[in-house]
Each structure stands twice: as C-alpha cells, then as structure tokens.
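Let's take a walk through a two-chain model together. Have a look at the picture first, then read on.

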Amino acid sequence: MQATTMNFTIEPITHDSVVIRIGKALDFRNAADFKAGAQEQVRSGVRNFILDFTETGILDSTGLGSIFSLYRQVSPMSGQVVFASVSRPVQVVVQLTRTYKVFRQFPTVEAARDAIR
Amino acid sequence: METTRQSFKRLDVVIDDLHSLFEEWEREGALLSHLDEDTIHLFRLAVHEWVANLVQHARFDERVPEVTMDVIPNGRRVRCIIEDNSNGFPLDERLDTQRQALKPFPERGMGLLMLNAATEYFEYSESKDGRQRLEFTVSADSDPCLNIPF
C-alpha cells in the first residue's frame with residue numbers, strides 16, 4: 001500500500017525496504033516533511049531506502065541535509081540509502097558535493113531493488 | 001539570451017516564481033545557446049540557495065521585500081547580480097563559521113557553502129542606495145567541489 005506525504009510517495013517493497021518517490025523538489029520548503037515521513041518508516045522497521053529522483057528538478061542543501069540525517073539514522077543499523085533514476089539537476093548536486101562517495105546510484109528503481117535484496 | 005532583469009516582491013512565492021522562470025528559459029532554450037545543461041543547473045542551484053537564504057533568514061523590518069535579479073550571459077559564463085532591501089549580514093564571517101562548524105553528514109549549514117562552491121567569482125556588498133548586493137559568476141569551464149566531511 002502506498003502512503004503519500006506532502007510531496008512524496010512511499011512504496012513498501014519488502015518488510016524493511018521502501019521506495020520514496022521524491023517528486024519535483026526536495027528543498028527547504030519540504031525537507032522537514034521528508035524527514036518526518038522517513039523517520040516514521042524507520043520506527044516501523046524500515047532500514048533500506050531507495051530514493052527515486054526521476055521527477056526531481058530541485059535538490060538543495062536543506063534537502064540534501066535531510067537525506068544525510070536519514071543516512072546517519074539507518075547506517076548504524078546496517079541500513080542503506082541509495083539513489084535511483086537520478087535526474088540531471090540532482091546529479092549536479094551529487095557531483096558538487098561528491099556524495100556519490102556515500103550514496104550508491106542506480107539507473108532505475110528496479111536495478112536498485114535488485115541490488116539491495 | 002540578452003541581459004535580463006527580474007523583480008520579485010513576495011517572499012512566500014519567490015522560489016516558485018524563480019523556478020518557473022528557469023523552466024520558461026529552459027523551454028525556450030534561452031540559456032542553452034551559451035551554456036551546457038549542467039552549468040545551467042549549477043547556476044539555478046546557486047540562485048536557489050541565495051534566495052532560499054533570503055526567504056529563511058533575511059530581515060526586512062517594516063519594508064516590503066524587494067528582490068531583483070540581473071542575469072548577464074557572457075560566453076561560457078553567466079554573471080548574476082541579486083539585490084534586495086534586507087538588513088544584510090556579515091557573509092564572510094558566516095561562511096567562516098559554517099566552514100568550521102561543518103560536521104560529518106551535516107543536516108544544516110551547507111547553503112552558503114554550496115553557493116560559494118558553485119560559483120567562480122562571488123562578492124557580497126552594500127550598494128550606494130543601501131541595498132544588499134550579491135554578484136557572482138558560474139562558469140562552464142570549472143569543476144566545482146564542496147568538501148563535506150563524510
């Protein structure tokens with residue numbers, strides 16, 4: 001069953017993995033919603049997050065900070081945060097901040113699903 | 001694309017207005033004749049970070065906010081001047097503080113550093129009429145990097 005927050009759709013794929021479809025923007029306007037939605041998932045036992053950036057035109061510093069926050073939360077529990085279908089604007093942020101060193105990237109959500117199983 | 005000036009007065013919608021503008025330029029190919037796609041995204045990110053900082057932190061006291069943005073394409077660079085009528089703040093000091101406070105996987109405090117890293121040239125000053133003025137350039141020939149501790 002899908003859950004939709006303000007701009008995000010959260011789709012469970014296994015008992016401990018979800019896909020979060022980021023939508024048009026993850027920035028200072030909705031980063032708190034992202035964080036709250038992700039934290040709720042962690043509380044319910046989710047450890048692996050695939051972030052789908054297919055539609056995303058804006059990822060700013062606050063949005064990236066909210067992803068770092070999620071990473072800090074799940075990595076001690078052997079959880080993962082991975083990026084899928086990264087749009088060009090998001091790729092530019094990833095390149096600028098060298099976050100490809102931290103978050104594995106996959107060309108599609110399906111490829112990410114296969115990799116984290 | 002010729003030099004263009006845009007004005008904004010409503011902080012509650014300025015981010016939406018800015019991105020609508022960039023989307024319009026993208027549809028028209030207005031900036032693409034001068035710059036590659038990634039440089040345009042980098043330029044858009046720099047503008048976004050500065051205006052986001054204004055929206056979240058700037059003090060306008062009783063004044064109606066006024067923000068203007070001049071975009072000046074120049075070969076493989078784009079120059080941008082953003083002026084506003086806020087009180088301003090000590091940017092260099094703030095950048096130093098943010099640099100020193102940057103922790104591994106920071107949640108906050110990256111915005112100005114990201115803007116600084118994305119730009120080739122960057123200057124913040126007060127204009128003769130008392131407005132705050134940020135001028136920067138973004139270049140297609142640079143490989144900018146913000147060193148975040150991981």
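## Starting from one strand pair

In E5(B), Leu134(B) is the bridge partner of Ile82(B). Before we go further, note that this is a predicted model, in which local features need pLDDT of at least 70, side-chain atom pairs count only at pLDDT 80 or more, and totals for chains, interfaces and linings use all residues. Residues are numbered from 1 along each chain as its sequence is written, while chains are lettered from A and ligands numbered from 1 in the order in which they are written.

A few words on names: helices (H or I, at least four residues) and strands (E, at least two) are DSSP runs, numbered from the N terminus. Two strands pair if DSSP finds at least two bridges between them.

## The sheet of chain B

Strand E3 (residues 77-84) and strand E5 (residues 132-139) of chain B pair in the antiparallel sense over 8 bridges. They belong to an open sheet of 5 strands in chain B, ordered E1-E2-E3-E5-E4, with antiparallel pairing. Which strands stand at the edges? Strand E1 (4-8) and strand E4 (121-126) of chain B do, and each has a single partner strand, so one side of each has no neighbour in the sheet. On average, neighbouring strands of this sheet are turned by 15° against each other, direction ignored; the axes behind such angles are lines fitted to C-alpha atoms, for helices over the stretch in contact, and angles run from 0 to 180 degrees between N-to-C directions.

E5(B) also has E4(B) beside it: the two run antiparallel and are joined by 6 bridges. Here Leu134(B) turns up again, as the bridge partner of Tyr124(B). E4(B) and E5(B) form a hairpin with 5 residues between them, and Gly130(B) in the turn has a positive phi of about 85°.

## Covered and uncovered parts

A residue is buried if 20 or more other C-beta atoms lie within 10 Å of its own, exposed if 12 or fewer, and partly exposed in between, with C-beta atoms placed from the backbone. By that count E4(B) is hardly covered, as 0 of its 6 residues are buried. H4(B) is mostly covered, with 6 of its 8 residues buried. The buried ones are Gly111(B), Leu112(B), Leu113(B), Met114(B), Leu115(B) and Ala118(B). What covers them? The list includes helix H2 (61-74) and helix H3 (88-97) of chain A, along with H2, helix H3 (91-101) and E5 of chain B.

H2(B) lies across strand E2 (67-74), E3 and E5 of chain B, and runs at about 160° to E5(B). Leaving aside neighbours within four places in sequence, Trp50(B) is in contact (C-beta atoms, placed from the backbone, within 7 Å) with Ile82(B), Leu115(B) and Leu134(B).

## Where the chains meet

Chain B has 25 residues in contact with 23 residues of chain A. On chain B's side, the elements giving two or more residues are helix H1 (14-28), helix H2 (37-57) and helix H4 (111-118). Which gives the most? H2(B) does, with 9 residues. By class, this side of chain B has 15 nonpolar, 5 polar and 5 charged residues. Ala, Val, Leu, Ile, Met, Phe, Trp, Tyr, Cys and Pro count as nonpolar, Asp, Glu, Lys and Arg as charged, and the others, Gly among them, as polar.

A nonpolar core is a set of buried Ala, Val, Leu, Ile, Met, Phe, Trp, Tyr and Cys residues joined through C-beta atoms within 7 Å. The largest one has 62 residues, and those touching the most other members are Phe49(A), Leu51(A), Val93(A), Ala46(B), Trp50(B) and Ala118(B). H2(B) provides the largest share of this core, 10 residues.

## Over to chain A

Chain A has 4 helices and 8 strands. Of its 117 residues, 45% count as buried. Its C-alpha trace spans about 35 × 30 × 25 Å along the principal axes.

Here are two of its residues side by side.

| Residue | Strand of chain A | C-beta atoms within 10 Å | C-alpha separation |
|---|---|---|---|
| Phe49(A) | E5 (residues 48-52) | 26, buried | 5.3 Å to Val18(A) |
| Gln80(A) | E7 (residues 80-84) | 17, partly exposed | 8.2 Å to Ile50(A) |

Leaving aside neighbours within four places in sequence, Phe49(A) is in contact with Val18(A), Ile20(A), Ala38(A), Leu70(A), Val74(A) and Val81(A). On the same basis, Gln80(A) is in contact with Asn48(A) and Ile116(A).

How values were computed
Contact = placed C-beta atoms within 7 Å.
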